[in-house]
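Me: I'm new to this one and would like a close look at a single part of it. Here it is.

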Amino acid sequence: MKNDKIICHVCAFKMESKEVKDNCQRCGTDLQNPEKEQLQKIGVGNYVRKNILSQCLCALFLTNKRLFLVAARKGVLGFGSDAGASGAIALRQGGGSKELEFSIPLENIQEVSEKKIKLSKSIIIKTKDNEEYNLNMQELFNKKAQEEWVEAITEEAAIQ
Ligand SMILES: [Zn+2]
């Protein structure tokens, strides 16, 4: 068949089948063995880039192996941080950039917590190699959205 597309089972990135070898061109997951890595949770939020101190709209993916983030492609508008899972699906399929903003293996996560920064609360993820990530995953219609993320990451990474 012509123009065959392969869609990643984890990040939903669309690829030309003739270009694809064994791994997703964006998230790198093993496309030949999709049972190995599975998506557990996805949502839209804001990521605060550390060095530039700018926020970017992003989709956060939690799998049984890692936590990774895809930034929105420039010019993609229309998703607020209240967009939740439906906005995340749009970002996954068409509006997300090709590069990952970060990807943290679950075993490298040391601590996940909610922290009050200025007027809002952020999720702070600390890794065993002393990196720190700052995300805002609040949703307008789900006051517990961030709490749920902290719980889900804590559980998946098996942090006490
Ligand atoms: Zn992928």
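Where does Lys128 lie, between which strands?

Reply: A quick note before we zoom in: this is a predicted model, so local features need pLDDT of at least 70, side-chain atom pairs count only at pLDDT 80 or more, and totals for chains, interfaces and linings use all residues. Residues are numbered from 1 along each chain as its sequence is written.

Lys128 sits in the loop between strand 8 and strand 9; strands here are DSSP runs of E with at least two residues, helices are runs of H or I with at least four, and both are numbered from the N terminus. Lys128 counts as exposed because it has 12 other C-beta atoms within 10 Å. The scale goes like this: 20 or more is buried, 12 or fewer is exposed, anything in between is partly exposed, with C-beta atoms placed from the backbone.

Still, Lys128 has company from elsewhere in the chain. Setting aside neighbours within four places in sequence, Lys128 is in contact (C-beta atoms within 7 Å) with Asn108 and Gln110. Gln110 is 18 residues away in sequence, yet the two C-alpha atoms are 5.3 Å apart.

The strands on either side of this loop also feed the largest nonpolar core, a set of buried Ala, Val, Leu, Ile, Met, Phe, Trp, Tyr and Cys residues joined through C-beta atoms within 7 Å. That core has 31 residues, and Cys11, Cys58, Ala59, Leu60, Phe61 and Ile153 touch the most other members. Strand 8 (120–127) and strand 9 (132–136) are among the elements giving two or more residues to this core, while strand 4 gives the most, with six.

Key:
Two residues are in contact if their C-beta atoms, placed from the backbone, lie within 7 Å.
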